Structures are given as structure tokens and as C-alpha cells.
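Q: I am new to this structure and would like a close look at one small part of it. Please start there and then walk me through some other places worth visiting.

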Amino acid sequence: HRVDRRQRQMCIRDRSLFAAGAVLISMGACLGKTTPLQLMVMAVLEIFFFAINETIVAYMLRAVDMGGSMVVHTFGAYFGLAVSRVISKADVVVGPDGKKEERTHKDERSNKTSDMTAMIGTLFLWMFWPSFNGALAAADQQQRVAINTFFALSACCCAAFMADNLMRPGKKFDMVSIQNATLAGGVAVGSSADLVIQAWGAITVGTVAGFLSVIGYVYLQPALAKGIGLHDTCGVHNLHGMPGILGGIGGAVSAALADHTNGGQYVSADQVMGIFAARGPCESNVSLPSFNPEPCGLTANQQAGNQAAALGVTVAMAIVCGIITGFVVKMPCLLPPGHEWKDFCNCGTALKREYWFDDKHYWEVPEEDEEEEAESSNAAGGAKAADDVESGGGGNSTPSDAAASSDDDANTRSETKVGWN
């Protein structure tokens, strides 16, 4: 009894961490354009909608999503993107050549220190992603999850570096792609990580995810900004959204091929039913909740259909619930003073742009940055003044000329100074 209770507690803990992961993914799309209070309200509402979607996917449709490609990554990404589109809009201008260009906010940038720090986080995520995908796996499935995830991540790294070098201007690597696209394989293989997909299947999923993520960063994200005004701060669509959909499709294909007869990859019917609970006979399917006696006794194709339906439901739920949440968090009562209700119904407006990406409105920030900027400006001005003096003829003057000039009257000195300038 104590063992069962402990297992239930661990399951609740792991599922809570999965829910928190979905919230963090959503916040990545809205980061810098929201107040701390808005993020708190958004998190509370998203947990509620996340639980509804997980209940539909895991219990009503009996879809298998071990690593959370659908319920965590896909839901979190499109929920956050929907909120972002409601509360903000990309600043798109028309250039001299008539083409649309996205104008980046002056504070929306990184530096070498922040890029290197983020890269440390990427390394930790890469190493521990198998434990994330296998957190809910049974003892005999955890090894398969770890192996499939490592294969997918390794292939994704190679594909991401290759794609980034081929697609970026100048054929140089970009830190944004290296920090994110190298993890897309772990996202994409999540739904099928515990399935018998063989090494080639995991490598294929990881390779496609790496290329897809880089394509998103290089081409699709700017196109969405120019086309529909979608501003994605951290590029969650490229790391979690599209790879999550790829993972859902991979899970459906793997479910359709799950068979222990006619040369199938599974050794017995018990192994198939151990992974796909709905494939078992109805009378012995005791894991089903009392309010939902169906589905059970499914065929491979029916299970694949449920997997595809779960993906569609997740995307639809995420977008609809994200739009609702976006209108809730943009209420003026959750914004700093000066925001009015007249902008509430305007999609794409909430927090004023002068508040974007600036921590000084919510945190005590050190004055060192401002002082360094002032010193840099003064130094640049001093250097420019020295160059002007040298180029104006003052560089040819001698100490004797200066001494002679000091003996002149005030008017002569004034005229000389004007001539130097």
C-alpha cells in the first residue's frame, strides 16, 4: 500500500513538472512584453486549460505521449503564441524597395555573455532530456526512451549545424539556432520515445526536426512577423511548436505500425498492450476511468487515428484558450497606470512599447549600465573633438605659436578659436 501511494505521489509530481514546463514554454513567446502580474495570471489560467487538454488526450482518446510532444510542447507553444498575438504585434515597416521588414526593439538583443550563459543551459538540457522524456515510463521502457532520445538528439545536432551553415547569410553559425535547434530532436521524439521505432526511426525523426527548426528560425519566423504580425520572443514555434507537431505525427505513424504479427517490431501482444492501453480487450482494461469505458479493443489504425485526433485537439485547444487568456491578461487593471480600456478590444495592443524589454519598471537595476553608456558617449565625443582639431589645422601648430597666441588680446583669441573650429 505504501509503495502504491508513493508511486501515485511521484506520478503527480512528474505531471506537475510537465505542466510547469508547458507554462514556461508559453512564457517564452511573451517574454519582455508582459508585466510580472500578467505572467502570474497567465500561468494560473494555462494550468487549468492544460489539465483539460491532458484529460482529453490521455484518458478520453487514450493517446500515447510519453515525452509530452503534444500535451507539453505543442500545447505550450501555440498557447503562448496565441497570447502573444493578442497582446503584441511585430513592428513591421515598408522599406525603400517596397518590401516589408520587421523592426527589432532596441532592447531586444543579446551579447556574448548572455549567449554563452544560454549555451550552458542548452548543454544541461541536452544531457538531461532523456530523463524528461522517460519520467513517466515504466522500468522496462525507460531504457528504450533514453536510447531513442539520445539517437534523436545526436542526429538533430548534426542536422542543425549543417542546416544553419547552409541557410544563414555568410555561411556562418548563429547562436540562436545552435542554442535551440540542437534540442528539437528531443521534442520531436517525445511521443514515440517509448515505442519500438528502432535506431533508424529515432535518427530520422531527429534529423528532420533539426532541419525544420533551423528553417523556422531563418525563414518562417520572419515570414510570420511580416505576414500576420506574430512576435515570438524566444522562437518557441521553432523549438517546441513545429517539432511538437512532428512528434505527434511520428507517434501516429508509429502507432499504425505497432504490430506483433506478420513480421512486426513488437515481440508479443502483451508488449503492444503494455504501451497502448486502448489496444487491450475491454473486459480486462482496468486502467480506464469509470466515466469513460471506451476506447478499448482498438486496432493499430484506430489507435493511430486517436493519436492524430489528440494532436488536432491539442493545437485547437491551445490556440482558442490562448486567445481567451490573452484578452484576460491585457485588461488595464493588470497593466501599469496610463493604459485604458479603449485598447482592450484591439488585437495586438496591450503593454506600451516603452515598457518592453526593460526591467527597470519592475526591478531595482544597478546604475552601472547607464554610467558605462554615458562614459562611452563622452569618450566617443572627446575622440571626435580631437580628430576635428587635428583635421582643422591645429595639428600643425607649435609651442611657440601657442605662446604667441596667448599674448594676443581677447578678441584675437576668440577669432583664433572660431577659426580652429
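A: Let's begin with Val176, which sits in helix 6 (residues 175-180); helices here are DSSP runs of H or I with at least four residues, strands are E runs of at least two, and both are numbered from the N terminus. With a relative accessibility of 36%, Val176 counts as partly exposed (buried is under 20% relative accessible area, exposed over 50%, and partly exposed in between, using a 1.4 Å probe and protein chains only). From Val176 to Met119 the C-alpha distance is 9.4 Å, with their positions 57 residues apart in sequence.

Before moving on, a word about the model. It is a predicted one, in which local features need pLDDT of at least 70 and side-chain atom pairs count only at pLDDT 80 or more, while totals for chains, interfaces and linings use all residues. Residues are numbered from 1 along each chain as its sequence is written, and side-chain values use heavy atoms, with hydrogens and water left out. The average pLDDT of the chain is 83, and 82% of the residues score at least 70 (pLDDT is the predictor's confidence in each residue, from 0 to 100). Residues 393-421 have a pLDDT below 50, and this stretch has nine contacts in the model beyond near neighbours in sequence (a contact means heavy atoms within 4.5 Å). Where pLDDT is low, the predicted coordinates should not be read in detail.

Next, look at helix 8 (residues 198-228) and helix 9 (residues 236-256), which pack at an angle of about 130 degrees with axes 9 Å apart. The axes are lines fitted to C-alpha atoms, for helices over the stretch in contact, and angles run from 0 to 180 degrees between N-to-C directions. Helix 8 and helix 9 are therefore oblique to each other (under 35 degrees is roughly parallel, over 145 roughly antiparallel, 65 to 115 roughly perpendicular, and the rest oblique). Among the residues making this contact are Leu212, Gly216 and Leu220 of helix 8 and Met242 and Leu246 of helix 9. By class, the contact of helix 8 with helix 9 has 11 nonpolar, five polar and no charged residues (Ala, Val, Leu, Ile, Met, Phe, Trp, Tyr, Cys and Pro count as nonpolar, Asp, Glu, Lys and Arg as charged, and the others, Gly among them, as polar).

Another pair is helix 2 (residues 36-60) and helix 3 (residues 69-87), packed at about 135 degrees with axes 11 Å apart. In their contact, the helix 2 residues include Phe49 and Phe50, and those of helix 3 include Phe75 and Phe79. Nine nonpolar, two polar and one charged residues make up this contact.

The loop between helix 2 and helix 3 holds Arg62. Arg62 is not a glycine, yet its phi is positive, at about 55 degrees. Arg62 is also buried, at 11% relative accessible area. Among the residues touching Gln303 are Arg62, Ala63 and Val64. Gln303 belongs to helix 11 and is buried, with a relative accessible area of 0%.

Our last stop is the loop between helix 11 (300-329) and helix 12 (368-391), where Leu335 lies. Leu335 is buried at 12% relative accessibility, and its contacts include Gln38 and Leu351. Leu335 and Thr35 are 300 residues apart along the chain, with their C-alpha atoms separated by 7.0 Å. Phe357 also lies in the loop between helix 11 and helix 12, and has a positive phi near 55 degrees although it is a residue other than glycine.

How values were computed
Lists of a residue's contacts leave out its neighbours within four places in sequence.
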